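Open the structure in your viewer and keep the selection tool at hand. We will go from stop to stop, picking out a few elements at a time.

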Amino acid sequence: MISLTFILYCSSYIPTLEEEEIRPSSEFIPYIHIRGEKLDTSFLARGSLALAQSSYLRKSFNLQVRVGDLVRVDRDQLFPADLLLLSSSEPQGTCYIETSNLDGETNLKVKQALPAAASLSSPHELVKCRMVIECEPPNRHVDEFSGNIDIHTGIDQLLLRGARLKNTAWIFGAVVYTGCDSKLLMNAKKAPLKNCTVDKKTNTRILFLFIILVTISVLSAIGSQLWLREHLPSHWYISFLGKERVTFLWQTLTFFILYNNLIPISLQVTMEIVRFFQANYINIDQEMYDKKSGSSSVARTSNLNEELGLVKYVMSDKTGTLTQNVMTFKQISVAGKIFGDSRLSEFSDERLLEEYKALPRTRNREDIGEILTMMAVCHTVVPEKADGKVTYQYSSPDEGALVRGAAAQGFVLNSRTPHYMVLSIFEEEKMFEILDVIDFTSERKRMSVILRDSSNRIKLYTKGADTVIMERLTCESDGAAELCEQHLEQFASHGYRTLCFAMRELEEEEYTEWSKGYHEAGVLITGRQEALAEEAEKIEIELRLVGATAIEDKLQEYVPETIRVLTAAGIRVWMLTGDKRETALNIAYSCELCDSTTEILFVDEDTFEDTYTRLVQLNCQSELFAKEGRNFVTVIDGKSLVHAMVGECRPYFGDLALRCRAVVCCRMCPMQKAEVVEMVQAVGNHIVLAVGDGANDVAMIQAANVGVGISGEEGLQAASASDYAIPRFHFLRRLLLIWSTFRFRLDSLHGNDTNLTERMASIPKDFEARQLEVNEDERLEVVENQKKVGNSKMN
């Protein structure tokens with residue numbers, strides 16, 4: 001009983017220890033606290049709270065903060081709850097925060113205080129201002145928030161718990177969500193439970209052995225009862241065995257205890273201890289340490305170590321996983337020409353500015369100026385000045401590359417406030433009023449800004465993927481669009497990431513009428529994002545194509561060598577990306593997923609019927625390729641994948657994909673990545689490993705049997721949700737081929753078979769021992785009887 005208790009304790013303590021190691025710690029920091037009277041904190045359809053005039057100022061800890069309180073947070077402190085920014089020490093109520101605890105991004109983000117309270121800089125002024133806040137019920141969406149005070153509030157005013165105040169002396173905020181209702185804790189759900197194949201097989205074997213143990217115990221008890229019935233009457237010295245307490249159940253329990261070694265009761269704790277130390281060896285492996293980032297591999301769980309050796313498919317993201325996610329502005333297409341040299345490390349072409357300065361007031365000159373202006377203002381980048389130099393804080397590496405590229409051409413973003421941007425064009429400052437910003441989403445695949453320039457003209461600037469920009473152009477842009485598509489194909493042949501830029505001027509009346517509907521959608525508590533997207537569709541039409549840009553994202557080191565080794569080991573690597581097909585295919589050639597001898601099978605249909613017909617055709621073709629021993633790769637886009645994953649298409653797509661050397665899926669959304677992983681698991685019952693570096697890869701990582709996150713430029717969300725975290729993709733080779741082993745599985749199963757053989761052999765030995773004991777007793781009885789007879793004769 002003591003040994004069993006020890007084994008159960010060890011088996012439960014090791015997972016608990018691992019969970020404690022990855023659980024984020026809470027900081028108990030005293031905050032200046034203004035206690036307010038709460039009027040209503042129920043969140044049925046919406047929540048309401050008010051700040052009364054009778055308040056007092058004191059210091060408290062984050063555990064003492066309640067909904068409805070006012071809190072002052074100083075520089076470098078963490079926010080104790082989800083706060084609504086009311087005012088700050090900065091002009092116009094702005095503040096800078098760092099969200100590395102939430103999404104791993106170390107770049108600063110700007111937040112804007114409510115205009116109604118931005119000028120209130122002291123607690124006494126704030127408590128005199130009575131306000132009622134309406135907000136949506138608590139939810140886990142960290143990038144969405146809907147609420148109202150006197151005007152609509154959004155994510156720009158929400159300071160999330162866990163973020164840190166930076167470069168701002170202090171802020172005042174109203175507490176809207178606390179404790180388990182805060183978005184940080186609502187997103188801190190446990191990762192899905194993953195059981196490795198070894199555990200499943202071991203549990204099955206143990207259950208089988210338990211059934212055998214019960215069977216043997218019952219048979220032994222039956223044999224014991226038969227033996228006792230035969231020998232008990234003639235052997236007085238074992239008469240106590242005939243008492244009522246020696247029942248059949250008692251005999252069964254006795255043999256169950258005698259044969260208990262048949263079940264390897266210590267196997268589980270032995271495996272847990274071995275896995276625990278192996279996971280720690282992975283953590284301290286110097287061969288998996290990246291000197292550039294100063295990070296090493298992290299085994300966030302230990303019960304999947306053996307699963308690494310059973311991986312058959314690797315699902316990999318492209319940007320930041322196979323590539324460095326360090327963007328460099330390389331080329332630009334504008335005025336019907338391509339500027340820049342792909343052989344150079346970054347953009348350098350004097351012809352661009354020469355044409356801009358030399359040309360008269362023509363459309364080509366206007367387009368060059370407009371696209372450089374759009375590169376400098378159509379984004380969410382925050383400029384900072386330090387020692388006379390301008391640096392940029394950005395959450396997207398693409399935006400950072402475009403802003404730096406524009407600055408290198410003389411279009412420098414000097415400053416930015418929530419309402420204005422100051423752009424220095426050849427040292428001449430121009431101010432743009434920010435009227436509206438339509439944010440980028442994965443569904444929209446574009447972002448827009450509406451600005452008023454110094455000439456009082458209202459302009460709509462839009463940038464995004466070519467597929468969504470081209471369908472919103474005017475008929476007059478058909479010629480320019482056709483030429484631009486040729487340039488985009490040329491950019492994609494080099495593996496560059498591309499963005500299209502378009503614009504149009506808005507009339508004052510048109511903008512005024514549209515802005516009413518847009519602002520009405522912005523005050524909705526529920527369905528705000530959908531309403532805003534619907535309103536954005538009304539204004540992002542009849543655009544004029546200005547040009548396109550090409551950004552290079554180089555491969556990480558040793559990626560081709562890693563994929564070559566994994567392929568030689570029988571592991572198939574798939575690429576799942578949101579980029580366009582040409583870019584994805586070029587990267588596939590660069591990292592040796594395919595070569596010049598590889599046949600490429602394209603699936604790019606728009607309807608379910610066409611997709612089904614194409615998949616049936618490719619299945620027949622792939623069977624011929626397989627018989628001939630030829631390598632082939634399937635390339636499928638997001639539109640076709642929608643149809644290929646459902647109905648009658650699904651088995652055909654599964655059969656085709658599993659025959660391929662590799663599969664390249666492009667133009668995918670995050671949920672499609674997870675669906676592809678689940679399909680491979682279901683169709684072939686294979687072990688799938690998913691590796692990615694961004695928040696859009698979390699669903700895929702959690703759906704896979706083994707999830708590997710790369711701590712890269714897009715933050716730590718993927719690494720935090722993964723089972724193993726590595727700094728670079730090429731460390732996957734060592735993780736899969738060195739640290740993975742399933743040899744002990746054979747040893748443990750061999751040990752089970754040995755125990756079974758020993759126990760089965762012990763049964764006849766037990767009965768033989770009993771028979772020998774009986775025979776010996778009979779001999780002793782005969783000898784004693786002979787002695788008695790001899791003594792009687794002598795007498």
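Let's begin at a pocket. Select helix α9, which gives the most to the lining of the second largest pocket, with five residues. What you have on screen is a predicted model, so please read each stop as a description of that model.

**Stop 1: around the pocket**

Keep α9 (363–377) selected and add β24 (428–438) and β26 (458–464); each of these elements supplies at least two residues of the lining of the second largest pocket. The volume of this pocket is about 540 Å³. To find its centre, show Tyr356, Arg361, Lys430, Arg457 and Lys459, the closest to that point among the 20 residues of the lining. Now colour the lining by class: nine residues are charged, six are nonpolar and five are polar.

**Stop 2: an antiparallel sheet**

Two of the strands you just selected, β24 and β26, belong to an open sheet of nine strands. Follow the order β19-β18-β28-β27-β26-β25-β24-β23-β22, with antiparallel pairing. Which strands stand at the edges? They are β19 (337–339) and β22 (411–416); each has a single partner strand, so one side of each is left without a neighbour in the sheet. From one strand to the next, the twist averages 30°.

Zoom in on the β22 edge. A hairpin of three residues joins β22 to β23, and five bridges hold the antiparallel pairing of β22 with β23 (residues 420–425). Select phenylalanine 411 to see its bridge partner in β23, isoleucine 425.

Next, move along to β27 (residues 497–506) and β28 (residues 544–552), an antiparallel pair with seven bridges. Here threonine 498 stands opposite alanine 550 in β28. Add helix α12 (residues 478–493), which lies across β18 (328–334), β19, β27 and β28 and runs at about 5° to β28.

One more residue deserves a click: threonine 328, in strand β18. Beyond its neighbours within four places in sequence, threonine 328 is in contact with Ser345, Glu346, Ala401, Ala550, Ile551 and Glu552. Try a distance label to proline 397 as well: threonine 328 and proline 397 are 69 residues apart in sequence, and their C-alpha atoms are 8.9 Å apart in space.

**Stop 3: a mixed sheet**

Now select another open sheet of nine strands, in the order β16-β35-β34-β33-β17-β29-β32-β31-β30, where the pairing is mixed. Its edges are β16 (298–299) and β30, each with a single partner strand, so one side of each has no neighbour in the sheet.

At the β30 end, strand β30 (residues 599–603) runs parallel to β31 (residues 632–637), and five bridges join them. Look for isoleucine 600, whose bridge partner in β31 is valine 633. Then show helix α17 (residues 608–628): together with β30 and β31, α17 makes a right-handed β-α-β unit.

Over towards β16 in the strand order, pick β34 (residues 706–710) and β35 (residues 724–726), a parallel pair with three bridges. In this pair, glycine 709 has alanine 725 of β35 as its bridge partner.

Which strands does helix α20 lie across? Select α20 (residues 670–684) and you will find β17 (311–316), β29 (572–576) and β33 (687–692), with the helix running at about 155° to β29.

How values were computed: Residues are numbered from 1 along each chain as its sequence is written. This is a predicted model: local features need pLDDT of at least 70, side-chain atom pairs count only at pLDDT 80 or more; totals for chains, interfaces and linings use all residues. Side-chain values use heavy atoms; hydrogens and water are left out. Two strands pair if DSSP finds at least two bridges between them. Helices (H or I, at least four residues) and strands (E, at least two) are DSSP runs, numbered from the N terminus. A crossover is right-handed if, with the strands pointing away from the viewer, the path from the first strand over the helix to the second runs clockwise. On a 1 Å grid over the protein atoms alone, a cavity is a set of points where a 1.4 Å probe fits but cannot get out, and a pocket is an open set with protein on both sides within 12 Å along at least five of seven lines; lining residues have an atom within 4 Å of a point. Grid points are joined across faces, edges and corners, and a volume is the space filled by probe spheres set on the points. Ala, Val, Leu, Ile, Met, Phe, Trp, Tyr, Cys and Pro count as nonpolar, Asp, Glu, Lys and Arg as charged, and the others, Gly among them, as polar. Contact means heavy atoms within 4.5 Å. Axes are lines fitted to C-alpha atoms, for helices over the stretch in contact, and angles run from 0 to 180 degrees between N-to-C directions.
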